[in-house]
Amino acid sequence: MYGETEPAAAASERTAFRQAEKKYKLYKLPSTKGRGRSRRRKKPIGGGVGDLSEVVDFHALLAGGVELPAGICRCDCPGFDLPVFRFLDRPGFYFIPGALSTEQQGFWIRESLKTFPQPPNRTNLTALYGPIFDLLTAAKNQKVLLEVQNSDGQESNEQSNSGGKTRSINFKFVEHSKIEKGETRRSTTATTLVRKLRWSTLGLQFDWSKRNYDVSLPHNSIPDALATLAKKMAIPAMPSGVEFSPEAAIVNYYGPSDMLGGHVDDMEADWTKPIVSISLGCKCIFLLGGKTRDEVPRAMFLRSGDIVLMAGEARERFHGVPRIFTESDQQEISGLVSQLSGDDDRFILDYIHSSRININIRQVY
């Protein structure tokens, strides 16, 4: 996943943030007696590496019965009817546990795999294959993306980092049976491509090589339903009477061993406007640090349906995702299993069993 450059990563090896990343990435689940009954055991029996005792669990705090830890408060926001938590020493950060219903989560997972990678939106696959249409449908039908020698395929004039045109890439989806033995042209199964998805960009397109928004690239507006959701969820972080204006979104796709290195989101013009970050799929650990990597970060669980807001001073803080939990008794996606139980969702359910999706919506200007 995107994050630090290699020199920056080497320089930060000894920082508090880096140590926390390593701690949670290397965490191993404790062994348990009676594996079939382990889901009900609150304190598994030893054998693990590291511990999660310092990870804040906002869902447990929301359930009540425990006193709020020092430095954490629950706040009431006028015009907003969902519970919101804050860290007193990290202004501008808001945690909304269980913000989305299971039905809403299922809807946005489908959109993230079916609609959001559609051109003119760009993905990490675009530079290699050009624009790919209907990737999810092709994966469900077990098709193969094959390089073609004529204009009958999907064509894209890719641009170099300097803006000049380089080469045309021509690919199209074909039935697996149509690929002849000894075929030398490049080919990749659609299922493999879905698993290789790491990001897609909605609305104004983000240029990863320059780390800015390229308004010259073709793009559609943020989907209305996503814009409406973002405006509603942004309320706790917005000044009274001011409405959030969604202009871009980055969708991150995490596989079983993926992490998001510590970074600062500083590409937008006005940092007083929040990033609205939606978590979907497997549970993960999220780190919120300080304005340098030397400050010890706070760790917290993010579950499917949780939403985080980062505005103002929080935008200057390093943050990242060192670990997602894909183990069957740690994913915490039982509600999604029933929500995605239909035949048409079979591929999506298989995907989300070992994946996490994050949609973060931004006001660019």
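This section describes the overall composition, one helix, two cavities and selected loop residues of a predicted model.

The secondary structure of the protein consists of 10 helices and 19 strands. Of its 365 residues, 49% are classed as buried. Among contacts in the protein with a separation of 6 or more, 73% are accounted for by residues 24 or more positions apart. The exposed area of the protein is about 17600 Å², of which 48% is supplied by carbon and sulfur atoms.

Helix 8 spans residues 224-233, and its buried residues are L226, A227, L229, A230 and M233. These residues lie on the same side of helix 8, because they cover an arc of only 165° around the axis. D224 and T228, on the other side of helix 8, are exposed. The cover over the buried residues of helix 8 includes both helical and strand elements: helix 4 (102-114) is one of them, together with strand 3 (93-96), strand 9 (199-203), strand 14 (275-281), strand 17 (307-310) and strand 19 (356-362).

The structure contains 2 cavities of 30 Å³ or more. The largest cavity has a volume of about 170 Å³. It is lined by 18 residues, of which S277, F286, H319, N358 and N360 are the closest to its centre. Two or more lining residues come from each of strand 12 (248-254), strand 13 (260-263), strand 14, strand 17, strand 18 (319-324) and strand 19. Strand 19 makes the greatest contribution to this lining, with 4 residues. Strand 14, strand 17 and strand 19 are thus named among the elements lining the largest cavity and are also included in the cover of the buried residues of helix 8. By class, the lining of the largest cavity comprises 9 nonpolar, 6 polar and 3 charged residues.

The second largest cavity holds about 100 Å³ of space. Its lining is formed by 15 residues, and P117, Q118, T123, I132 and L135 are the closest to its centre. At least two residues of this lining are supplied by helix 4, and at least two by helix 6 (135-140). The lining of the second largest cavity divides into 9 nonpolar, 5 polar and 1 charged residues.

The loop between helix 4 and strand 4 (122-123) contains T115. With a relative accessible area of 31%, T115 is partly exposed. Leaving aside residues up to four places away in sequence, T115 touches R110 and N121. T115 and L135 are 20 residues apart along the chain, and their C-alpha atoms are separated by 9.2 Å; L135 is also among the residues closest to the centre of the second largest cavity. P120 is likewise located in the loop between helix 4 and strand 4. The peptide bond joining P119 and P120 is cis, with omega about 10°.

Two residues other than glycine with positive phi were noted in further loops. Phi of Q142 is near 55°, and Q142 is placed in the loop between helix 6 and strand 5 (144-147). Q142 is exposed, its relative accessible area being 61%. For E332, phi is about 60°; E332 belongs to the loop between strand 18 and helix 9 (334-339). The relative accessible area of E332 is 41%, and E332 is therefore partly exposed.

Conventions. Residues numbered from 1 in each chain as written. Predicted model: local features only at pLDDT ≥ 70, side-chain atom pairs only at ≥ 80, totals over all residues. Heavy atoms only, no water. Buried < 20%, exposed > 50% of the residue type's maximum accessible area, 1.4 Å probe, protein only. Arc of directions from axis to C-beta. Contact = heavy atoms within 4.5 Å. Areas by Shrake-Rupley, 256 points an atom, 1.4 Å probe, with all protein chains shown as cover. 1 Å grid on protein atoms, 1.4 Å probe; cavity = no way out; pocket = protein on both sides within 12 Å on 5 of 7 lines; lining within 4 Å. Points joined across faces, edges and corners; volume = space filled by probe spheres on them. Nonpolar A, V, L, I, M, F, W, Y, C, P; charged D, E, K, R; others polar.
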